[in-house]
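Biologist: Hi! I have a new structure open and would love some company while I look at it. Could you walk me through it?

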Amino acid sequence: MFFTTIASVMFPRMENTYNFKVGMTCSGCSGAVTRILSKTEGVKSFDISLEKQTVSVVAAGLTQEQVFETIKKSGKPTEII
């Protein structure tokens, strides 16, 4: 455990920005995506555009595939852009 603590201080998780096209037609749809991303450890911030049907996620310690799978749990059609 001591080494994990030192490693996390010496090598902080890099943040990456991932972009997705998400089929959202109403505020309830975007709300579902918001709820899931808000509860996801490693998600630092996100921006949802209902008009453009896009989601941009800044995450640390998560791969694009992990964020993709998380958004898909909302039940909305999702693709990586």
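Modeller: Happy to! This is a predicted model, and a good place to begin is its largest nonpolar core, which has 15 residues. Phe20, Val55, Val57, Val67 and Ile71 are those with the most contacts inside that core.

Biologist: Nice. Which elements give two or more residues to this core?

Modeller: They are β1 (15-22), α2 (27-38), β3 (54-60) and α3.

Biologist: Let me click on Val67. What does Val67 touch, leaving out residues up to four places away in sequence?

Modeller: Val67 touches Tyr18, Phe20, Val57, Ala59 and Leu62.

Biologist: Phe20 again! How many aromatic pairs does the structure hold?

Modeller: There is 1 aromatic pair. Phe20 and Phe68 form it, and the pair is stacked, with 6.4 Å centre to centre and 25 degrees between the planes.

Biologist: And where do Phe20 and Phe68 lie?

Modeller: Phe20 is in strand β1 and Phe68 is in helix α3, so the pair ties together parts 48 residues apart in sequence.

Biologist: Are those two rings' residues buried or exposed?

Modeller: Phe20 is buried, at a relative accessible area of 0%. Phe68 is buried too, with 13%.

Biologist: Switching to charges now. How many salt bridges are there?

Modeller: The structure holds 1 salt bridge. In it, the side chains of Glu69 and Lys72 meet at 3.8 Å, N to O.

Biologist: Why would side chains like that pair up?

Modeller: In general, side chains of opposite charge can pair when their charged atoms come close. Here, Glu69 and Lys72 are 3 residues apart in helix α3 (residues 64-72), so about one helical turn separates them.

Biologist: How accessible are Glu69 and Lys72?

Modeller: Glu69 is partly exposed, with a relative accessibility of 34%. Lys72 counts as partly exposed as well, at 39%.

Biologist: Let's zoom out. In what order do the elements run from the N terminus?

Modeller: The order is α-β-α-β-β-α-β, which comes to 3 helices and 4 strands. The protein has 81 residues, and 32% of them count as buried.

Biologist: What about the outside, how much does the protein expose?

Modeller: About 5,400 Å², and carbon and sulfur atoms supply 56% of that.

Biologist: Last one: where does pLDDT stay under 50?

Modeller: Over residues 1-5, and the model has 0 contacts beyond four places in sequence for them. For the protein, the average pLDDT is 89, and 84% of the residues score at least 70.

How values were computed: Residues numbered from 1 in each chain as written. Predicted model: local features only at pLDDT ≥ 70, side-chain atom pairs only at ≥ 80, totals over all residues. Heavy atoms only, no water. pLDDT = per-residue confidence, 0-100. Contact = heavy atoms within 4.5 Å. Salt bridge = Lys/Arg side-chain N within 4 Å of Asp/Glu carboxyl O. Buried < 20%, exposed > 50% of the residue type's maximum accessible area, 1.4 Å probe, protein only. Core = buried A, V, L, I, M, F, W, Y, C linked by side-chain atoms within 4.5 Å. Areas by Shrake-Rupley, 256 points an atom, 1.4 Å probe, with all protein chains shown as cover. Phe/Tyr/Trp six-rings, centres within 6.5 Å; stacked < 30°, edge-to-face > 60°.
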